[in-house]
Structure formats: C-alpha cells, structure tokens
Amino acid sequence: MAVPKRKMSRSNTRHRRAQWKATAPKLVPITVDGASYLVPQRLVAAYERGLLHPEG
C-alpha cells in the first residue's frame, strides 16, 4: 500500500475530496404490463425479462 512521505495539508485534502461527485442514474421510461415506469438505464433489460418488479 502506498504511504505518503509527507503530511498533506487540510486545505489540499479538502480540495482533493471535493473533486469527487456522485451522479444520479439516468432514468428511462419503460412500459411493464401497461404501466409506465422510470428506471435506471442499466436495469431496463432486467425489468423487461421479468427479473425485477417495479414497485408502484
């Protein structure tokens, strides 16, 4: 594991941490049993196959 040779300042630590941002998943409309739902794009195939059931 990498170990820092010198202590990183609080300012530099906070600037580095502030760069990371979570993004909301892209929601796409699908129709299951005549009802329309917004689901994440990566799960569309699972909903169409019936592996997942949308709550509504």
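Of the 56 residues in this chain, 12% count as buried, and that figure is a useful place to begin reading the structure, which is a predicted model. The surface that the chain exposes comes to about 5700 Å², of which carbon and sulfur atoms supply 53%. As for confidence, the mean pLDDT of the chain is 89, with 98% of its residues reaching 70 or more.

The overall dimensions come next. Whereas a compact globule of 56 residues would have a radius of gyration near 10 Å, this chain has 21 Å. Its C-alpha atoms, taken along the principal axes, fill a box of roughly 60 × 25 × 15 Å. The contacts can be set beside these dimensions: among those between residues at least 6 apart in sequence, 0% join residues at least 24 apart.

The secondary structure amounts to 2 helices and 2 strands, and along the sequence these elements follow the pattern α-β-β-α. Helix α1 covers residues 10-17 and has the highest mean pLDDT among the elements, 92, while helix α2, covering residues 44-49, has the lowest, 90.

Between the helices in this pattern come the strands. Strand β1 (residues 27-32) and strand β2 (residues 35-40) run antiparallel and are joined by 6 bridges. Within this pairing, Thr31 stands opposite Ser36 of β2. The two strands form a hairpin with 2 residues between them, and in the turn Asp33 has a positive phi of about 55°.

Which residues make up the largest nonpolar core? This core consists of 5 residues in all, namely Ile30, Val32, Val39, Val44 and Tyr47, and both β1 and α2 supply at least two residues each. Val39, one of the core residues, touches Lys26, Leu27, Val28, Ile30, Val44 and Tyr47 when residues up to four places away in sequence are not counted. Among these contacts of Val39, then, are Ile30, Val44 and Tyr47, which also belong to the core.

Helix α1 offers another place to look, for example at Asn12, which is found in this helix. Is Asn12 buried, exposed or partly exposed? Asn12 is partly exposed, because its relative accessible area is 46%, a value that lies between the 20% under which a residue counts as buried and the 50% over which a residue counts as exposed. How far apart are Asn12 and Val44 in space? From C-alpha to C-alpha they are 41 Å apart, with a separation of 32 residues in sequence.

Methods: Residues are numbered from 1 along each chain as its sequence is written. This is a predicted model: local features need pLDDT of at least 70, side-chain atom pairs count only at pLDDT 80 or more; totals for chains, interfaces and linings use all residues. Side-chain values use heavy atoms; hydrogens and water are left out. Two strands pair if DSSP finds at least two bridges between them. Helices (H or I, at least four residues) and strands (E, at least two) are DSSP runs, numbered from the N terminus. pLDDT is the predictor's confidence in each residue, from 0 to 100. The radius of gyration is taken over C-alpha atoms; the globule rule is 2.2 Å times the number of residues to the power 0.38. Buried means under 20% relative accessible area, exposed over 50%, partly exposed in between (1.4 Å probe, protein chains only). Contact means heavy atoms within 4.5 Å. Accessible areas come from the Shrake-Rupley method with a 1.4 Å probe; for residues, only the protein chains shown count as cover. A nonpolar core is a set of buried Ala, Val, Leu, Ile, Met, Phe, Trp, Tyr and Cys residues joined through side-chain atoms within 4.5 Å.
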